[in-house]
Structures are given as structure tokens and as C-alpha cells.
Amino acid sequence: MIKFSNKKSLLIIIIVLIALSIVLIRWNFTANRLSDLPEVVPPTAAPALEGEILEDVPLIASVAKNLEIPWSLDFLPDGSIVFTERAGRVRFIDAQEGLLSEPLLTIIEVAHVGEGGLLGIAVHPEFAKNQFIYVYYTYRDGEDLANRVVRYKKQGKNLVDKKIIIDNIPGAVFHNGGRIKFGPDGLLYITTGDALIPDLAQNKNTLAGKILRLKDDGTKPANNPFPGSPVYSLGHRNPQGLAWDDQGRLWATEHGSRATDEVNLIESGKNYGWPTILGDEKAADLKSPVIHSDKETWAPSGVAFLDGSLFFAGLRGQSLYELVIEDQPLTLRRHLNKNFGRLRDVVVGPDNFLYVLTNNRDGRGVPTADDDQIIRINPKKL
Ligand SMILES: [Ca+2]
């Protein structure tokens, strides 16, 4: 038995134990991490590569490193990449020049608090004509936090002509939603969180806990389900992913409560149940998810559709999940398990590769020297 001669040796033992725990926790987070990836330039606007060519390229390559909490990315018609960093920077990977060291824009009024900040980004489907880029961010509204969608015009290496598309979306330290995407109908879809007040999700008269739909200038489409309202669907807790499949159906990922993360098939005017039902629970006029994580936590964020599968980024799950929606029953596969830590977004590039954002610098993960990163995945080798 060890006898402690004095308080000093006890203190030394405590310090050693704390240091050992920190090393073990770090090791647990980083043991499976991959590094020294081959580096690639952004894709060109060339047509999608043929399958046989995809067979010859590596599974994983690095597009950009040493980023700070990137949240969302999108492609311009020439293959350049525009992406957000949560603190407020809109950054750019030029198809010719690569990653620009200076942001296109730093949005000063972004409130980078908790899970809030500069979140979603979307390039207008007719960017070649109008140079419009849209972002979603959290800002301070007096004592409160709120979220808005703003449109800019890209002019050279700057964003100019700010126009507010929608604002006063309730915000909070957590549950801000934040994904924005143009649908095949040319309309802008926006996910919003419940701003930590669950009942707001059931109230059609607030913008919290919804998927919203607007025209590109911020006006309301005449065929929205609730006349005069931007609300497209309701009853959401914290949806952060949107993708359309090859049949034009809209899918959304959503952070659940006590695990039970969801993948939902979104239909106009439907109610997705939060906070009335969870997991497999059913109720009249409420839609249950297509699949949920039960007791596991995926913490799903961005989602993309490719070749019969939905791919979604897992934060807590530290994985790229693949839901094969062509299969009946549905199959869920897990890729990149802990290889890159927490994942925030996944987008299909013009080359049909998957582009994935890591999210290891927000204080909830353990960053490696490369983090945060944009990595390119060859889906033919998954
Ligand atoms: Ca639900």
C-alpha cells in the first residue's frame, strides 16, 4: 500500500492522473484519424466523370485544410467552391487559384454564440446570370438572438449589394437550424430550429421549428401550403439537412431529443411532430420519421443524394452515414467511422464526388493539425 508522506506527493499523483485522463480522452478521439491525404484541386465544370475513371482515383483526398468551423459549402458553375466559417467568414476556393487566403466577406454582425453563427450558404441556380449567393446567420436582436437569410452579389473577390431575404427567425444559443438550399422548383428552402422553445414548432404563426420556402427575392410563393406564410412544413426540432432525390422528393435530417435523430420525407404543409411525438410514436395528422437513430446519437447535419442513397454528415456520430433509400427495408451504412472526427456537411460536386466538411474546432471535438478540413470522397470506393 502506498503511503503519502505529505500533501505534496498526493497533489503530484492527482496531477499525473488528470494528465493521463486527458491523454486517454485525446487518444480515444484521434486514434482512428487519417492524415497525409493526397491533395486535389477543386473540380472543373466538366461533365461528371465516368464510373471507370472514378475507380482509379483514391477514396479520400484533401481539398482544403486549417479551416475554422466550416458549416456549409456550395459550388459555382465553374467548379469553384464557396463556403462559410461559423465565426462570420464567407470563403472561396477558386477553380484556378485555389483557396483564397482572404474571405470574400466577413459579416461583422454575425453572433457566433453556442451553435449559432454564419451557417448555411447557397448559390443561386442561375448564378451565371445574376451572381447571387445566399447565407443564413445568427445576429443579435436587442437582448435576443435571431436568424436571417441574406442575399449578396459576387463581384470579383467580394460580396456586395446585401439584401435581406427573411429575418426575425427566432434564435437561441442552440437549435438555430440553418441549412438553405434551392429546390428543383427554383425556390429557396430554409430549415429553422425551435430556438429552445419546443412549442414554437407547433405554432404556424412563428418561423421557429419549420422548413420555410420562399422565392429567390424573399417573396412568398403563391402555392405555399399556408396562404401568405413562408411555412412549408412544421413540427421540427432542429433540422439541419435538406436534399432532393432523383424523384424530386425532399428529405431532411433533424437532431432529435434524447437521441432519436430523424430522417424525414418532407411534404408540403405536413407536421413532423415535435414535441408531441418522438421516435416510433404515432399520432393523427403527425408524420413519423422514415428512420430514426433510437438510442444512438448521429447528430445529423448536411445531407446529399447520390445514386439511390442519402449521405448525411454525423457530428456526435463522427461518421458519414449512407441511407440506401432504394432498398426495402431501408439499409443504413456507416462510413469514415471516426476517421475525420465530427462531420458537418456533405455535398455532391459537379464531378459526382462527395465533398465533406469536418467540424472539430468548435470546442466539442479534438482537432488534429489539419482541422478543420474539406475532404473529397470517391463514392465508388466507399
Ligand atoms: Ca419528428
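**A tour from the core to His124**

In this predicted model, the largest nonpolar core has 89 residues, and Val82, Tyr134, Val346 and Val356 are those with the most contacts inside it. Select these four to begin. Then select strand S8, residues 132–141: this strand gives the most to the core, with 7 residues. In soluble globular proteins, nonpolar side chains tend to be buried together.

Next, pick Val346. Not counting residues up to four places away in sequence, Val346 touches Gly302, Val303, Ala304, Phe311, Phe312, Ala313, Leu320, Leu354, Tyr355 and Val356.

Now show the open sheet of 4 strands, which runs in the order S1-S25-S24-S23 with antiparallel pairing. Strand S1 (60–64) and strand S23 (343–348) stand at its edges; each has a single partner strand, so one side of each is left without a neighbour in the sheet. On average, and with direction ignored, neighbouring strands here are turned by 25 degrees against each other.

Stay with S23 and add strand S24, residues 354–358. The two pair in the antiparallel sense over 5 bridges. To see a bridge partner, select Val347 together with Tyr355 in S24.

Last, move to His124, in the loop between strand S7 (118–123) and helix H3 (127–130). Is His124 buried or exposed? His124 has 21 other C-beta atoms within 10 Å, so this residue is buried; the cut-off for buried is 20 or more. Leaving aside neighbours within four places in sequence, select Asn130, Phe132 and Asp216 to see what His124 is in contact with. Finally, add Asn224, 100 residues from His124 along the chain: the C-alpha atoms of the two are separated by 20 Å.

Key
Residues are numbered from 1 along each chain as its sequence is written. This is a predicted model: local features need pLDDT of at least 70, side-chain atom pairs count only at pLDDT 80 or more; totals for chains, interfaces and linings use all residues. Two strands pair if DSSP finds at least two bridges between them. Axes are lines fitted to C-alpha atoms, for helices over the stretch in contact, and angles run from 0 to 180 degrees between N-to-C directions. A nonpolar core is a set of buried Ala, Val, Leu, Ile, Met, Phe, Trp, Tyr and Cys residues joined through C-beta atoms within 7 Å. A residue is buried if 20 or more other C-beta atoms lie within 10 Å of its own, exposed if 12 or fewer, and partly exposed in between; C-beta atoms are placed from the backbone. Two residues are in contact if their C-beta atoms, placed from the backbone, lie within 7 Å.
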